[in-house]
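Colleague: Got a minute to go through this model with me? I'd like to practise reading strands and helices.

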Amino acid sequence: MDIQTYLEPTLFAIDDELQTLMVQGIRVYSEADNFPDLDDTDIAIIGVPESRNAWNNTKCNDAPDIIREHFYSLHQGEFKHKIADLGNLKLGQTPQDTYAALADIVGRLMDANILPIVLGGSQDLTIASYNAFANRKQIINLFALDNRFDLGDPEHEISSRSYLSKIIVSQPNYLFTYSNAGFQTYLVDKHAVQLMKNLNFDVYRLGTLRHDIQEIEPAVRNADIMSVDISAIRKSDAPGNPNAVVVGLFGEEASQIMRYAGMSEKMRAIGFYEYNPSLDIDGQTAQLIGIMMWCFVEGFYQRKHEYPYKDKEKLTKFIVYVEEHDQEIVFYKSKTTNRWWMEIPGHEDKTKFQMHYMLPCSYADYEQAMRNELPDRWVAALARFV
């Protein structure tokens with residue numbers, strides 16, 4: 001896999017005295033060590049110090065090595081990790097050149113069944129992960145942890161505040177659905193909220209998450225790519241971002257969502273963006289991102305490798321007839337993990353959409369159907385096939 005030409009060693013100083021730290025199980029491309037062999041690698045870390053298209057956050061390019069410092073100083077968990085740190089991406093002459101290089105790296109890693117963790121940099125880098133799938137003509141679901149939608153104006157130049165609109169209008173388009181967790185209504189134009197509804201995207205207000213954090217798990221489990229904007233977390237927990245506000249997710253809640261993401265067999269790429277070290281207080285935000293990464297890795301090594309669209313013998317099937325709408329809904333419950341899915345009917349091309357017609361859901365969706373109501377998640381998913 002010839003991706004080394006895109007990359008340069010990290011300048012992060014590795015402290016390997018303690019044998020129990022995370023860094024002990026990670027092969028790091030540094031000035032002292034050669035580019036790591038990617039055989040027998042599960043996860044690859046890539047720093048991308050790109051901020052030329054950042055919105056109000058130009059110094060977030062300094063983030064990758066500082067995040068590394070805090071992640072690697074954590075202790076190992078009850079899992080044997082096989083992680084390679086590929087160093088930092090050499091920036092292109094333009095941000096678009098950086099996107100193209102990162103898309104090539106992410107795509108090649110995915111082809112090798114290696115999950116990339118991108119350390120930004122600004123959130124417009126999410127486009128590179130999307131393009132890695134689009135270049136392979138793969139239909140995908142994108143999940144963002146963010147206090148806004150980042151739609152911007154598709155007619156304007158790309159920025160970390162408009163990357164999503166660029167993805168939505170791209171042709172040919174491979175985005176099946178977009179999910180957002182943590183948006184705050186007073187930070188989002190009401191027309192943007194309506195657009196999300198019109199597109200049948202799944203968006204979850206901060207208050208909804210606060211009421212029951214477990215209800216976000218199916219949306220996370222349905223995603224192929226996750227894009228984390230650190231501004232989704234309240235400013236007191238993560239001060240290293242100029243666009244964070246005084247309310248937001250607690251660090252503990254964000255870490256729980258990361259664990260859900262790691263456990264999802266469908267999740268194939270994740271990125272952490274918008275951390276600005278110049279605004280941080282005692283490394284507090286970098287420490288939290290390191291913990292979030294640790295929770296993601298822990299979840300990754302707890303995957304049960306459940307693929308409901310092909311392993312239905314491992315599931316218990318439930319059929320609920322919603323009399324008021326004359327509609328049968330087929331639910332499946334895992335015999336191993338107790339996770340739930342529901343089948344979206346009526347689409348002929350189940351080869352092309354095999355990863356989408358079995359929709360992750362929760363027990364609450366099953367209960368809603370038992371109350372003679374169509375689950376909101378099911379209605380929105382069905383509309384996406386029309």
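Colleague: Over how many bridges do strand β12 and strand β13 pair?

Modeller: Keep in mind that this is a predicted model. Find β12 at residues 327–334 and β13 at residues 340–343. They pair in the antiparallel sense, and the count of bridges is 3.

Colleague: Which residue in β13 stands opposite Y332?

Modeller: Stay with β13, which covers residues 340–343. The residue there that stands opposite Y332 is W341.

Colleague: OK, zooming out: which strands are the edge strands?

Modeller: The open sheet has 4 strands, in the order β11-β12-β13-β14, with antiparallel pairing. An edge strand here pairs on one side only. That gives β11 and β14 (358–361). By the way, the twist from one strand to the next averages 30°.

Colleague: Two helices pack on that sheet, α10 and α11. What angle does the direction of α11 make with that of β14?

Modeller: Start with α10, residues 363–370: it touches β11, β12, β13 and β14, and its direction makes about 35° with that of β11. Helix α11, residues 376–384, touches β12, β13 and β14. Its direction and that of β14 make an angle of about 155°.

Colleague: Last one: why is Y307 called partly exposed?

Modeller: Y307 sits in the loop between α9 (284–300) and β11 (315–322). Its C-alpha atom is separated by 8.7 Å from that of K266, 41 residues apart along the chain. Buried means under 20% and exposed means over 50%, so what falls in between is partly exposed. Y307 gets that label because its relative accessible area is 25%.

Key
Residues are numbered from 1 along each chain as its sequence is written. This is a predicted model: local features need pLDDT of at least 70, side-chain atom pairs count only at pLDDT 80 or more; totals for chains, interfaces and linings use all residues. Side-chain values use heavy atoms; hydrogens and water are left out. Buried means under 20% relative accessible area, exposed over 50%, partly exposed in between (1.4 Å probe, protein chains only). Two strands pair if DSSP finds at least two bridges between them. Axes are lines fitted to C-alpha atoms, for helices over the stretch in contact, and angles run from 0 to 180 degrees between N-to-C directions. Contact means heavy atoms within 4.5 Å.
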